[in-house]
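Subject: The structure we talked about

Hi,

Here is the structure I promised to pass on. Have a look around in the viewer, then read on for what turned up in it.

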Amino acid sequence: MKILVTPTSFNKPVNDTARKMLEAFADEVVYNEFGRPLESQEVEQMLTGVDGYIAGLDYITADALEGADALKAISRYGAGVDRVDLDAAKAKGITVTNTPGTNAVAVCELAFVLMLSLARAVPRLDNAVKNGEWPRNNGVELNGKTLGIVGFGAIGKNLATRAKAFGMDIIAFDPYFDEAFAQKSGVVKSTLEEVISGSDFISLHVPLNEHTKHIIGAKQIQNMKQGAYIINTARGGLVDEKAAADALKSGKLGGVGLDAYEVEPVTDSPLLGQQNVVMMPHTGAHTNEAISGMGMMSVQNLIAVLSGEDCKYVVGK
């Protein structure tokens, strides 16, 4: 039994138990030595003879799976499967699983950090003080502001709970809206258009697909409140970065906080160098607790599928 493991954080000490479990199960475990998510061609080259695959944010296209002669299972280390061609996997009889909820707290807390950082210009003022300056800056309070959540799953719900504690009003959009949770938590069900036009802060928590590509573009930004803030800790491509950069320059947007980008790593985004932008290196799920949870669940999912046992986290049954 040969297993390929590509998540860049899987080899951290917090995953020692999961790693030992996997190595005890498999005859051979091959790890990602690139130190980054794999491109489609790299995935294709590494899948030869592989029975099971614990996948990070790799591009698992139909071409990448073409030569997967032995592959039976792809266990996503994380919840998102937008970089996996599910149709191609299904056509080849490959089971795909994920680890929903394991990084929900970590990602939602980073989204909250980005909101606070933008509201009080934390990175810019920190840098100024360290450079011997003593600037005066008027920020904004979260209390009394409206937070619009696009994608009301585990991350969105966690964010809503925390935002309520800060005195924010919450409106949310999701095609599969959880009415019971919303009613209990004081969250108002809204359309996407209502969230865009009625929010002071908009936080994105949806996958990237043909329906969500540039879900925040020039038209949507134009319909936002003057000085609104955009937070994206989900997937690059949800926000049209050029449109956001133009809106920052004009003053339409108050700020943008990002942990995901249209091209990663970031090299020439139009948002680089702008004052009211906080940029993180796609690190939302990188807490000890989330890494440990994703590691253990991804290994358990893979072993279950390869052992012919039931797995409750199969995607697209």
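Let's start with α12, which has 19 residues and reaches 27 Å from its first C-alpha to its last. That is close to the 27 Å expected at 1.5 Å a residue. Right after α12 comes Gly308, with a positive phi near 80 degrees. Keep in mind throughout that this is a predicted model.

**Helices that pack together**

What does α12 pack against? One partner is α1 (residues 16-25): the two axes are 8 Å apart, and the angle between them is about 20 degrees. An angle under 35 degrees counts as roughly parallel, so that is the label for α1 and α12. Their crossing is left-handed. On the α1 side, the contact is made by Thr17, Ala18, Met21, Leu22 and Phe25. On the α12 side, look for Gly295, Met296, Val299, Gln300, Leu302, Ile303 and Leu306.

Now compare that with α5 (104-119) and α7 (residues 154-165). Here the axes are 8 Å apart and the angle is about 50 degrees, which makes α5 oblique to α7. The crossing of these two is right-handed. α5 brings Ala104, Val105, Val107, Cys108, Glu109, Ala111, Phe112 and Met115 to the contact, while α7 brings Ala154, Ile155, Asn158, Leu159, Arg162 and Ala163.

**The nonpolar cores**

In soluble globular proteins, nonpolar side chains tend to be buried together. In this model, the largest nonpolar core has 28 residues. Which of them touch the most other members? They are Val150, Ile216, Ile221, Met224 and Leu253.

Several elements give two or more residues to this core: α9 (192-198), β9 (201-204), β10 (228-232), α11 (241-250) and β11 (253-258). The largest share is five residues, and it comes from α11.

Ile221 is a good one to click on. Leaving aside neighbours within four places in sequence, Ile221 is in contact with Ile216, Ile230, Ala243, Ala244, Ala247, Lys252 and Leu253.

There is also a second, separate core of 26 residues, and its members include Cys108, Leu159, Ile170 and Ile231. You have met Cys108 and Leu159 already, in the contact between α5 and α7.

**Some backbone oddities**

Most residues other than glycine have a negative phi, and most peptide bonds are trans. So here are a few places worth a closer look.

- Ala121 has a positive phi, near 50 degrees, and is not a glycine. You'll find Ala121 in the loop between α5 and α6 (122-130). Its relative accessibility is 11%, so Ala121 counts as buried.
- His282 is another non-glycine with a positive phi, about 50 degrees. His282 sits in the loop between β12 and α12. With 16% relative accessibility, His282 counts as buried.
- The peptide bond from Glu264 to Pro265 is cis, with omega near -5 degrees. Pro265 is in the loop between β11 and β12 (277-279).

**Three residues to look up**

Gln274 is also in the loop between β11 and β12. Is Gln274 buried or exposed? Its relative accessible area is 17%, and the cut-off for buried is under 20%, so Gln274 is buried. Not counting residues up to four places away in sequence, Gln274 touches Ala245, Leu248 and Lys249.

Next is Thr146, in strand β6 (residues 146-150). Thr146 is buried too, with a relative accessible area of 14%. Which residues does Thr146 touch, not counting those up to four places away in sequence? They are Met168, Asp169, Ile171, Gly198, Ser199, Asp200 and Phe201. If you want a distance to try out, Thr146 and Val113 are 33 residues apart in sequence and 16 Å apart in space, C-alpha to C-alpha.

Last comes Leu86, in helix α4 (residues 86-91). Leu86 has 31% relative accessibility and counts as partly exposed. Again not counting residues up to four places away in sequence, Leu86 touches Val81, Val96 and Val315. For another distance, Leu86 and Thr287 are 201 residues apart in sequence and 28 Å apart in space, C-alpha to C-alpha.

Have fun exploring!

How values were computed. Residues are numbered from 1 along each chain as its sequence is written. This is a predicted model: local features need pLDDT of at least 70, side-chain atom pairs count only at pLDDT 80 or more; totals for chains, interfaces and linings use all residues. Side-chain values use heavy atoms; hydrogens and water are left out. A nonpolar core is a set of buried Ala, Val, Leu, Ile, Met, Phe, Trp, Tyr and Cys residues joined through side-chain atoms within 4.5 Å. Buried means under 20% relative accessible area, exposed over 50%, partly exposed in between (1.4 Å probe, protein chains only). Helices (H or I, at least four residues) and strands (E, at least two) are DSSP runs, numbered from the N terminus. Contact means heavy atoms within 4.5 Å. The expected span of a helix is 1.5 Å times one less than its number of residues. Axes are lines fitted to C-alpha atoms, for helices over the stretch in contact, and angles run from 0 to 180 degrees between N-to-C directions. Angles under 35 degrees count as roughly parallel, over 145 as roughly antiparallel, 65 to 115 as roughly perpendicular and the rest as oblique. A crossing is left-handed if the near helix is turned anticlockwise from the far one by less than a right angle, and right-handed if clockwise.
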